[in-house]
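The following exercises are to be worked with the sequence and coordinates at hand. Each task is followed by a solution in steps.

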Amino acid sequence: MLRVLWLFAALDSVLLSDTGMLFPRESSSREVKELNGLWVFRADISPNRNQGFERAWYKSRLAETGPVIDMPVPASYNDITQDPTLRDFIGWVWYEREVTVPARWITDQGVRVVLRVGSAHYYSVVWVNGVKVTEHEGGHLPFEAEIGTLLRKEPTIPCRITIAVNNTLTLHTLPPGSIQYMNDHTRYPEGFFVQNTNFDFYNYAGIHRPVLLYTTPKAYLDDITVVTDFMDNTGLVRYSVSVQGAASATVKVTLMDTGGHCVASSNEPSGVLKVADVNLWWPYLMHENPGYLYSLEVRLMAADERSTYEDVYALPVGIRTVNVTSTQFLINNKPFYFHGVNKHEDADIRGKGLDWPLVVKDFNLIKWLGANSFRTSHYPYAEEILQMCDRHGIVVIDESPGVGIKDIRSFGNASLTHHLAVMDELVRRDKNHPSVVMWSVANEPAAEMPPAENYFKTLILHTKALDPTRPVTYITDSNYARDKGAPFVDVICVNSYFSWYHDPGHVEIISLQLNTQFEDWYGKYKKPIIQSEYGADAVPGIHNDPPVMFTEEYQKVVLQSYHNVFDQKRKKYVIGELIWNFADFMTTQGITRVVGNKKGIFTRQRQPKAAAFLLKERYWRLANETGTLPLWTKYPCPL
C-alpha cells in the first residue's frame with residue numbers, strides 16, 4: 001500500500017505541464033502525413049537580416065520574393081551547398097512547402113489538424129497561408145499548432161507552410177553566445193560580425209527533425225503519463241490520462257504484452273495497473289531479454305450535441321525502477337555500471353538532421369562496442385533515437401542544451417527563466433521513456449561563479465519537482481571545492497582531460513591526478529561519481545611509437561591509463577565511464593581543431609580507430625563480469 005501511495009505522489013509531480021506533447025503515432029483515429037523532402041529555401045542576406053519580416057515574405061510564395069534554392073528537410077542547411085557564406089550564415093533563413101491536405105481532413109469538422117516541427121535551430125516562426133500560427137524558442141525540442149480551423153477558411157487553396165528560423169545565440173539563449181561586431185573599418189567591412197560561443201561543436205542550423213501534419217478527433221487524448229514500480233514479481237504501472245475537447249468522456253486503458261495479450265486493464269482516467277509475472281525493462285547486456293516493452297492502449301470515447309468521438313493512442317511502457325545510493329546506481333534494485341559513450345547528432349552533409357541510416361548504423365556500433373549507455377551531449381536528441389534506446393535497452397542520460405554557460409550575465413533571471421522552461425519541455429517530452437534514467441541540466445557551466453549557486457539550486461530542485469522518479473545532475477569540470485551546484489545533484493558527473501588539456505603529453509601523471517580527482521569529489525560530497533568525459537584527439541591513420549599526441553597510439557594509452565583507475569574506484573563509488581567521443585564531429589574553425597574534434601573512437605564516417613577495439617574488449621569484459629548473461633551475449637551481435 002505504501003508503494004502505491006508513493007506512485008500516486010510521484011505521478012502528481014510529473015503532471016505539472018499544462019498540455020501534452022505525445023509523439024505522433026498513427027492509429028484507428030489518427031493519421032500522420034510526413035512533410036520531409038525538398039522545401040523551398042531562402043537566406044535573408046540583408047544587412048540587418050530582417051528584410052523577410054519587413055517585406056512580409058510569408059504573405060506570398062517565397063519564390064516571388066527573390067531567388068530560392070532547394071533545401072532538404074530534415075537537415076542542417078550549412079553543408080548542403082558550395083556557398084561559404086551560407087555555411088557560416090547567422091540570421092534568419094526561410095523555408096516553404098506547399099502541401100495537399102486530404103479533403104476529408106477539411107470537410108470533417110470533428111477532425112483536428114496539427115502541424116508539428118520536431119526541432120528547428122534556434123528560434124522559429126511559423127505561418128500557414130500567410131497567417132502566423134506559432135513561434136518557438138529553442139533548437140532541440142518539438143513544437144506544434146492546430147491549423148484545421150485556418151485551413152477550413154479557404155479549403156480550395158493548397159496549404160502553404162512558411163517557417164523562418166534564426167540561429168543567432170545571445171547571452172540568454174540556451175546554449176548562450178554573443179554577437180561581436182568588428183568596428184575597425186581598416187580591417188573589417190562595415191557591418192561585419194561574428195557569432196561567439198563557448199562550446200566545442202559546430203552551431204548547425206535549420207529544420208533538423210521531421211515536419212508533419214497529424215490528426216486527432218475534436219475530443220482527444222492530450223497527454224499520458226506513466227510511473228512504474230514493481231514488488232516481487234508484480235509490476236505496477238501508475239498512469240494518468242489527460243483529455244482535451246470534451247466536457248465528459250470515458251476512457252478504457254489496456255496494457256498488453258509483446259504478444260498482444262491483455263495483462264491489465266482499467267476504465268478509469270487514472271489509476272494503478274498491476275501486472276502479474278512482470279517482464280521488467282532491463283538495460284542491454286544486463287539481462288537476456290533487454291528492452292522489454294508493454295503497450296498501453298488508451299481509448300477515449302466522448303460526445304457532444306453533434307457527434308461522437310473516439311481517439312486511440314498506444315504508448316510503449318517499460319516497467320523499471322531507478323534509485324541512487326551514496327555508492328551505487330540501481331536499476332530494478334540491481335547495481336548498474338555505465339560503460340558507454342558521449343555522442344553528437346552530427347554527420348557529413350546533413351549536419352544535425354535526423355537520418356535513419358545513420359541512426360541505425362550508430363546503434364549497431366554501440367551494441368558491437370558492448371556499450372550500455374550514452375549521454376545526449378549537449379542537447380536533447382530526436383525522439384526517434386530515444387525510442388530506439390527503449391527498444392534495445394540502451395540507457396540514456398538526457399541532457400538539456402545548457403552548454404557553454406560561462407558568462408556571469410548568463411546566470412541572470414532571464415536566462416534562468418528560459419532554462420526552467422526548457423526543462424519543462426524536456427521532461428514533458430521524455431518522461432515516459434524507460435531508457436531515460438537521469439536528467440542532466442547543463443554541461444561544464446562556470447559553476448564556481450557566485451550566481452551559480454542559486455541558479456543551479458533553483459534549476460535542479462525544479463527538475464526534481466517535475467520528475468521525482470529520476471535523479472538529476474549536471475556535468476562539471478570545476479574544482480570540487482568551488483563548485484556551487486554540486487551539493488544539489490544526485491550523482492557527481494566529472495569531465496577531465498589529464499595529459500591533454502592539462503599537462504599535455506604526460507600520460508604518466510594520469511593515475512595520480514585521476515585518483516586525486518575521485519577522492520576529492522567523493523570525500524566532500526559522498527555521492528556516486530560518473531567519469532562523464534575523458535579522452536584524447538587521434539587523427540585516423542597517424543601513428544608514432546613511443547606515442548605522441550594526436551596519434552592513435554596516444555589515444556589508446558590515455559584510455560588505458562584512465563581504465564586502470566576506473567577498475568580500482570568502481571569497486572567503491574565510481575558508477576560509470578563515458579568516453580568522449582563516440583565519433584569525430586564538426587566544430588567551429590580554429591587553430592586547435594583540424595576539420596573538427598578528433599576525439600572520436602570512430603571517424604565521422606563511422607570507421608573504427610584503434611581505440612574502438614580497445615574499448616570493445618573492455619566493455620564486453622565489464623558486461624560479462626556479472627556472470628548473468630547467456631552464452632550468446634558473450635559475443636557482439638547486430639541489431
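**Exercise 1.** Is Asp-232 buried or exposed?

*Solution.* The model is a predicted one. Begin with the location: Asp-232 belongs to the loop between strand 15 (220-231) and strand 16. Next, take its relative accessible area, which is 76%. The cut-off for exposed is over 50%, so Asp-232 is exposed. Finally, examine the backbone: phi of Asp-232 is near 55 degrees, a positive value in a residue other than glycine. Most residues other than glycine have a negative phi.

**Exercise 2.** Determine whether Gly-235 is buried or exposed, and list its contacts beyond four places in sequence.

*Solution.* Gly-235 is part of strand 16 (residues 234-244). Its relative accessibility is 0% and the limit for buried is under 20%, so Gly-235 counts as buried. With neighbours within four places set aside, its contacts are Asp-229, Phe-230, Leu-273, Lys-274, Val-275, Val-278 and Ile-319. For a distance check, His-344 lies 109 residues from Gly-235 in sequence, and their C-alpha atoms are 35 Å apart.

**Exercise 3.** Test the end-to-end span of helix 11 against the expected value, and identify what covers its buried residues.

*Solution.* Helix 11 covers residues 552-569, which makes 18 residues. At 1.5 Å a residue the expected span is 26 Å; the end C-alpha atoms are 26 Å apart, so the two values agree. The buried residues of helix 11 include Tyr-554, Val-558, Leu-559, Tyr-562, Val-565 and Phe-566. Their cover includes helix 10 (510-525), strand 31 (529-533), strand 32 (574-579) and helix 12 (610-624). In the loop between strand 31 and helix 11 lies Phe-550. Phi of Phe-550 is near 80 degrees, again positive in a residue other than glycine, and at 34% relative accessibility Phe-550 counts as partly exposed.

**Exercise 4.** Which residues do the cis peptide bonds at Pro-74 and Asn-581 involve, and where do these two residues lie?

*Solution.* Val-73 and Pro-74 are joined by a cis bond with omega of about 5 degrees; Pro-74 sits in the loop between strand 3 (69-73) and helix 3 (84-87). Trp-580 and Asn-581 are likewise joined by a cis bond, with omega of about 15 degrees, and Asn-581 is in the loop between strand 32 and helix 12. Most peptide bonds are trans.

**Exercise 5.** Assess the compactness of the whole protein.

*Solution.* The protein contains 12 helices and 32 strands. Its radius of gyration is 25 Å, close to the 26 Å that the globule rule gives for 639 residues, so the protein is as compact as a globular protein of that length. Of these residues, 59% count as buried.

Notes: Residues are numbered from 1 along each chain as its sequence is written. This is a predicted model: local features need pLDDT of at least 70, side-chain atom pairs count only at pLDDT 80 or more; totals for chains, interfaces and linings use all residues. Side-chain values use heavy atoms; hydrogens and water are left out. Helices (H or I, at least four residues) and strands (E, at least two) are DSSP runs, numbered from the N terminus. The radius of gyration is taken over C-alpha atoms; the globule rule is 2.2 Å times the number of residues to the power 0.38. Buried means under 20% relative accessible area, exposed over 50%, partly exposed in between (1.4 Å probe, protein chains only). The expected span of a helix is 1.5 Å times one less than its number of residues. Contact means heavy atoms within 4.5 Å.
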